[in-house]
Each structure stands twice: as C-alpha cells, then as structure tokens.
Amino acid sequence: MSGQYHRSHSRAWFMERPAYIRFMIRELTSFFMAAYLIVLIITLAKVGAGEAAAAEWLQALSTTGWKVAHAVALAATVWHTITFFAAVPQAMPIYIGEDRVPAPIAKIVMGYGPWVTVTAIILWGVLR
Amino acid sequence: MPDNETITLELFRYHPETDSEPRFQSYEVPYDEDWVVLDAINWIKDYVDGSVTHRWSCRMGVCGSCGMMVNGEPKLTCAAFLKNYYPFPIKVEPLVNFPVERDLVVDMEGFMDKLQDVKPYIIRDDVNDTSQGEYRQSPAELAQYKQYSMCINCMLCYAACPVVGHEDEFLGPAALALGHRYNKDSRDQGQSERLEVMLSSEAMWGCTFVGECSVVCPKHVDPAGAIQQAKAMGAQEYFKRFVMPKGAGATKGAGA
Ligand code: SF4
Ligand code: FES
C-alpha cells in the first residue's frame, strides 16, 4: 500500500466552520433581496398602470402574510447591506499618501454615510 | 501549577507503506505554558515516537512550513500556545484541502504550481541596463502592494477556503494575492499578461468571498481583499478589451 491520502468534504461542508454558515446566510439574504425587487418592480408597473391598479395592488399587499414577508425581506436586506459595507474597505482601499484609511472610517465614507444620506433624502421626500 | 502536568496531543497518523486509512494516536506531553504545539510535536518525535513526521524550520512564524489543523483550525503550530488549549486535548491534523503525504505532511506541489501560474515577478517592456540605476518607487507606491508581499506561503488560507476544497483548479487565495501584489507594483508592466491567467473562471471568479483566508492568515496579507480588488481590475481590463480589442489595456506585458 502506498500513495497519498485524499480527504474529501461532506455535502454539508458549510457546517464545518461557523464562518461558512455565516457565508451561507449572507448568500441566502440575496434571495430575499431579489424577491423584494420583483415586488417593487410589480409595484412600479401597477403605479404606471394607473391609480386604480395601484390602489388594488397596495390593498393586496396589506395582508398579514405580505407584511411578514416585507419584514423578513427588510431584515435580510439590512443584514446583506451590513455585510456588504463590511467588505467595502477590503475591496476598495483608500490611500492618503502612504497611509491606508482605517476600515471603520472607510465604511462610513463609502457605505453608511451615503446610505444614511440617501435614505434621509428619500424619507424627507416621502414624509414632507 | 505542578511540574508533572501533562496535556494530550492526538496526532493524525498515516504512513502510505502500511496504512490504507489514517488513524489518530494519542500522546501525553509535559505541559509547559511557554510551549507551542510545535514544541509538543517535536518532544513526541524526540522522546516517544521518532516515526512521527512533520514539517517545520524557523520556529518563529517566518518560514511558513509548520501549518497544520489544530482542533480544526488552520494554524502555524509554532504560534499556537498549549496554554490556549490546556487542559483539553489538542487534535493535530495535516492542513485540509491538500493530499496527505505522510502523517502531518501534505503535498505542496499543486500550491507551488499555482504560485508560478500568476507570473510572480516584475514584467517590463523596457528593461533598463544597470547603468541607468534602479527603478525608483515612492513610499506611497510601495504602500499599494506591501501588505500583499508579506506572504510566507504557509497555505493556511488554502486550508480555510471552501472553494479550494471543492475545485482543484481554483488558483486560491495566496496565489491570487501574489498576482495582485505584482499588478499593484508601480515598476511592473505585466498586468494584462498576468490578468490573462487571473481572469479565467478557475482563477479569481471562482472566489465567492467567504473571507476566511484573511481571517486565518498569520501575516495579515488579506488575500480576500486582494482578490476583490483584482476582480475590479479584471473587470476594467475586460471592458478595455471589449471597447479596444486591438490596443487592449493601458499596461502591456513584455512578452505581448
Ligand atoms: S496569504 Fe497568508 S495564510 Fe495564505 S499562504 Fe500567505 S501568509 Fe499564509
Ligand atoms: S516553523 Fe517556521 S513558521 Fe512555524
């Protein structure tokens, strides 16, 4: 008997390390984001189709099931956004001369700052 | 703590001449809080069982040869202190995602080939003769790639990466970070040539950004970050080739 020994991974490889589970959760949140985007596109189409169609659609969305679905989609989207912003300083480092801008600052400058600003502008537009 | 304290090491054993399957063997080792896992394995080899096979050299986190799985985590065993595990047993295995040669030693050949694939050297169109002096570089230009040049080829990142574990052809974290290191070097002109290799699906697009490579890296190379940056460079390169098929790219390799 001679030769190398090859070890393989199980189908449930993502259970091997907590970080792999976190990765799978992050990937799964994309599904909810995509689903929410489809709902949003339908909503825009209904709005485009006229006031009656929009009202009917909004009425349909006001059921408990849809509210729960929206809450889940919101939670998934927020989590996806947090993980995305966490990756921004790694993927897009900013240098000032020879110094790299520290990750917490880069996250605010390129992630949370613009996010909060745009959200505030939208809220102001909607609520005013 | 009394002098006669011991700690148990469970070592992965596999001798290809005699074993068809690996097994674990337990050893009682004197516990010393200044000892690292590598000291304990060396003690076993010196005083208990000379057939135990493992790799090591510098004992100070520089050579990158002592990487093993310690309780399931890829670690440099010369930097993994027994006191962080005591009094519980420590399970030591060869790095996962590599074929096992013998006991704790893995086959590095595929890894070395992948390092070569990314052309890890400076490529120039115009090679100055020495009378013109060195290629000068400012501290700011050095800062762009210095982090990615700190790799010690310990392969811990390959053991942490699920893509490496599932796709043999995936170039993997250290090789891609090394390619990126040269792409970011202001003296280099070989980005297009290098991206030729790095742009293939088995190369950097295989990376799904799990990010564990950067977590386990003992030298803070951040291969995950390097790969995401390389993807952005690759996308730009692809776009340039698309709009300017002939003149392709701002940078050009010497061999191109
Ligand atoms: S990138 Fe880090 S973990 Fe990977 S081989 Fe280099 S030093 Fe080791
Ligand atoms: S023995 Fe050299 S890095 Fe551990």
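Good morning. A residue is called buried when its relative accessible area is under 20%. I begin with that cut-off because the first residue I shall discuss is judged by it. Please keep in mind throughout that the structure shown above is a predicted model.

Let us take Gly67 of chain B. Is Gly67(B) buried or exposed? Its relative accessible area is 10%, so Gly67(B) counts as buried. Gly67(B) belongs to strand β3 of chain B, which covers residues 67–70. Leaving aside residues up to four places away in sequence, Gly67(B) touches Lys75(B), Leu76(B), Leu95(B) and Leu156(B). One further distance may help you to place Gly67(B): its C-alpha atom lies 8.3 Å from that of Trp56(B), and the two residues are 11 residues apart in sequence.

A second residue of chain B deserves attention, namely Asp49(B). You will find Asp49(B) in the loop between α1, residues 37–48, and β3. With a relative accessible area of 14%, Asp49(B) is likewise under the 20% limit and is therefore buried. Which residues does Asp49(B) touch, not counting those up to four places away in sequence? They are Arg13(B), Gln25(B), Tyr27(B) and Ile44(B). With Tyr27(B) there is also a polar contact between the two side chains, at 2.8 Å.

I turn now to chain B as a whole. Chain B has 9 helices and 7 strands. Along the principal axes, its C-alpha atoms fill a box of roughly 70 × 40 × 30 Å. Of the 256 residues in chain B, 49% are buried. The accessible surface of chain B comes to about 12,200 Å², and carbon and sulfur atoms hold 52% of that surface. If we consider the contacts in chain B with a separation of 6 or more, 64% of them join residues 24 or more positions apart.

The next topic is the interface with chain A. How many residues does each chain bring to the contact? Chain B brings 45 residues and chain A brings 22 residues. Together the two chains bury about 2,600 Å² between them, with 50% of this area on carbon and sulfur atoms. There are 18 residue pairs in polar contact between chain B and chain A, counting pairs with both residues at pLDDT 80 or more. The interface also holds 2 salt bridges. One of the salt bridges across the interface joins the side chains of Arg17(A) and Glu73(B), at 3.3 Å from N to O. Several elements of chain B each supply at least two residues to the side that touches chain A, among them strands β4 (73–76) and β6 (100–102) and helix α8 (212–216). The element that gives the most to this side is α9(B), with 4 residues.

Finally, I should like to look at the surface of chain A. There, Met15(A), Ile21(A), Ile25(A), Leu74(A), Val78(A), Trp79(A), Ile82(A) and Trp115(A) form a nonpolar patch, and their accessible area together is about 720 Å². Two helices of chain A, α1 (18–48) and α3 (64–91), each supply at least two residues of this patch. Which element gives the most to the nonpolar patch? It is α3(A), with 4 residues.

One member of the patch is Ile82(A), which lies in helix α3 of chain A. Its relative accessibility is 31%; this value falls between the limits of 20% and 50%, and so Ile82(A) counts as partly exposed. Thank you for your attention.

Note on methods:
Residues numbered from 1 in each chain as written. Chains lettered and ligands numbered in written order. Heavy atoms only, no water. Patch = residues over 30% accessible without salt bridge, like charges linked within 9 Å, V, L, I, M, F, W, Y side chains within 5 Å. Areas by Shrake-Rupley, 256 points an atom, 1.4 Å probe, with all protein chains shown as cover. Salt bridge = Lys/Arg side-chain N within 4 Å of Asp/Glu carboxyl O. Buried < 20%, exposed > 50% of the residue type's maximum accessible area, 1.4 Å probe, protein only. Contact = heavy atoms within 4.5 Å. Buried area = accessible area lost by both parts, 1.4 Å probe. Polar contact = N/O pair within 3.5 Å; in protein donor to acceptor, adjacent residues only side chain to side chain.
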